Amino acid sequence: MRPLADRSQISLTWHTDVDLRCLADADKLRRVIVNLVGNAIGHTPQDGNISVVAQSYEKNAVLFSVTDNGYGYSRIFTSASLTVAGN
C-alpha cells in the first residue's frame, strides 16, 4: 500500500497500541484493511493524509480505523457496511 500512496504523494501513517493482539482470521482481516486503505488512497487528493489505527477497545476487542481527508463514504455508511460485513 505504501508504494501506491507514495506515487500519489499521499502521507500514509500506521499507529498501533503496543502488544496489541487480535484473535481473527488473518487473511480476511488483511483483506478488509487493504480494501479500506486502497479506497482511501483512491479518494484522497494528492498531498493528502491517510491514517490507519489499531487500538484496544473496551474489553477484549480491537478497534480498526482508516481516516483520510479525501472525499468518499460518509461515516454512517461505512459503519453500517462494516457491521453487516462482520456478521
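Helix 2 offers a simple check on geometry: at 1.5 Å a residue, its 17 residues should span 24 Å, and because its end C-alpha atoms are 24 Å apart, expectation and model agree. The buried residues of this helix fall within an arc of 100° when seen down its axis, so they line one face of the helix. The structure described here is a predicted model.

The residues that make up the buried face of helix 2 are Ile33, Val37, Ala40 and Ile41. On the other side of the helix, Asp27, Lys28, Arg31 and Gly42 are exposed. The buried residues pack against helix 1, which covers residues 2–7, and against strand 1, strand 2 and strand 3. Helix 2 itself lies across these three strands, and its axis runs at about 20° to strand 3.

Ala40 illustrates this packing at the level of a single residue. Ala40 belongs to helix 2, and its relative accessibility is 4%; since buried means under 20%, Ala40 counts as buried. Once neighbours within four places in sequence are set aside, Ala40 is in contact with Ile50, Val66 and Asp68. Ala40 and Ala5 are 35 residues apart in sequence, yet their C-alpha atoms are 9.5 Å apart in space.

The sheet against which the helix lies can now be considered. Strands of a sheet pair through backbone hydrogen bonds, in either a parallel or an antiparallel arrangement. In this model, three strands form an open sheet with the order 1-2-3 and mixed pairing. Strand 1 and strand 3 (61–68) are the edge strands, each pairing on one side only. From one strand to the next, the twist averages 10°.

The mixed character of the sheet can be followed pair by pair. Strand 1 (residues 11–16) and strand 2 (residues 49–57) pair in the parallel sense, over six bridges. Within this pairing, His15 stands opposite Val53 of strand 2. Strand 2 and strand 3, in turn, pair in the antiparallel sense over eight bridges. Here Tyr57 has Ala61, in strand 3, as its bridge partner.

The connection between the parallel strands returns the account to the helix. Strand 1, helix 2 (residues 26–42) and strand 2 together make a β-α-β unit, and this unit is left-handed.

How values were computed
Residues numbered from 1 in each chain as written. Predicted model: local features only at pLDDT ≥ 70, side-chain atom pairs only at ≥ 80, totals over all residues. Heavy atoms only, no water. Pairing = 2+ DSSP bridges. Helix = DSSP H or I, 4+ residues; strand = E, 2+ residues; numbered from the N terminus. Right-handed = clockwise from strand over helix to strand, strands pointing away. Axes fitted to C-alpha atoms, helices over the stretch in contact; angles between N-to-C directions. Contact = heavy atoms within 4.5 Å. Expected span 1.5 Å × (residues − 1). Buried < 20%, exposed > 50% of the residue type's maximum accessible area, 1.4 Å probe, protein only. Arc of directions from axis to C-beta.
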